[in-house]
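Trainee: Can you walk me through how these strands fit together, and how you know what to call each feature?
Mentor: Sure, let's take a look.

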Amino acid sequence: MTAEKQKKSKFWPFFINLSRGLAAFLALYSLLSLAAVAIFGAYNQNVWWINTGFLPHMVSVLTQIFLTGALGFFAVHVPQNLAARGAVAVPVCFGLFVAVFNTIDVYMLAASGAIILGFPLPFSFFVSVTFLCILISAFFGHSYLEKSRKPSKGSTFTTMSFTILVVFFLFPLGQINCFGTTDYRVKVDAAVVFGAQVYPSGVPSQTLQDRLDTAIEFHQEGFAPVLVMSGGIDAGGTNEAEAMRDYAIERGVAPEAIIIDQYGSTTQQTARNTVKSLQEAGFTKVATVSNFYHLARIKMLYLTEGMDVVTVPAKEVKSTAYPLFNVMREIPGWWYYWIQNLIK
């Protein structure tokens, strides 16, 4: 066997098992999300990887059910006959269509100025590539495996398990970098600014200043007539929300355009407090302002509380270094609240 043939005989089994690992992750993720909707009435967390909202409701639900089944079947077994291949390929092909549609929609919104992309590729682009890999492997996998050295059960399990673990890490990281850096330039009723450290002197930390400056600019450009300052009480007794209000007033925001929530000690508390107060005030269109690495989790928590929001990443003026620690910290946090929503 030539060196080129040896490479091919190793590549295809690896590629197919990699695709099966991707399918296994998505099938399990989707199954748990749909089960949580049916049993607990949770919001459908499949929206984080595929948006079928443009379809009629029943078609959207059936699409997700059939897609979940097809992905799960392929993860367990590489289809051999034409009927089995078609049963997997048709739902996956439709999923690919939806993911490509989602990707095009993002770029159309960016072209219209409704959003500003911080990362050049939307998350749906990577979902499209994933579907394409699964589609190729599901439809042609059996033929490729017949021409290659059949992988052992051990190597199949290892490749699939490793793929699932890697995607478990990359999935929230992709949300943080693709979704979190997207700036939604739409008019809203109010914008919620998330608190951060305030020094004993009452001066906001640089992180908080970045958030406030972005929110003030958003307000002064006419996108949000009301700013909601949400923060807790620091260990030294400093009231974050009041310091945030004072900072905004000093920079020209009218006091009557500011609402404060001084019980937002955590992201979850801010979401719960502000959803209640905003709904009581009759506000339905809401933006949230924080650092990009924080926004995917914020979006999730608001959806859990029954409110959809748009997100505005803070412009990090003085700190341009990639905040690796904060990003890595968000990954387990994202999954923690994802699991929490399953049983809410």
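Mentor: Keep in mind that this is a predicted model. Start with strand E3 (residues 190–194) and strand E4 (residues 227–230), which run parallel and are joined by 4 bridges.

Trainee: How do you know that E3 and E4 pair?
Mentor: Pairing takes at least two bridges. E3 and E4 have 4, so they pair. One example is Val193, whose bridge partner in E4 is Met229.

Trainee: What makes the crossover from E3 to E4 right-handed?
Mentor: The chain goes from E3 through helix H6 (residues 206–220) to E4. Look with the strands pointing away from you: a clockwise path over the helix is called right-handed. This β-α-β crossover is right-handed, so its path runs clockwise in that view.

Trainee: Which strand does E3 join through the Ala190 bridge?
Mentor: That's E6, where Val286 is the partner of Ala190. E3 and E6 run parallel, with 4 bridges.

Trainee: Why is E3 called mostly covered?
Mentor: Buried means under 20% relative accessible area, and 5 of the 5 residues in E3 are buried, so the label fits. Ala190, Val192 and Phe194 point one way, Ala191 and Val193 the other.

Trainee: What about strand E7 (residues 310–313): what makes both faces covered?
Mentor: Val310 and Val312 on one side are buried, and so are Thr311 and Pro313 on the other. E7 runs parallel to E6 (residues 286–290), joined by 4 bridges, and Thr311 stands opposite Thr288. With helix H9 (residues 292–304), E6 and E7 make a right-handed β-α-β unit.

Note on methods:
Residues numbered from 1 in each chain as written. Predicted model: local features only at pLDDT ≥ 70, side-chain atom pairs only at ≥ 80, totals over all residues. Heavy atoms only, no water. Buried < 20%, exposed > 50% of the residue type's maximum accessible area, 1.4 Å probe, protein only. Helix = DSSP H or I, 4+ residues; strand = E, 2+ residues; numbered from the N terminus.
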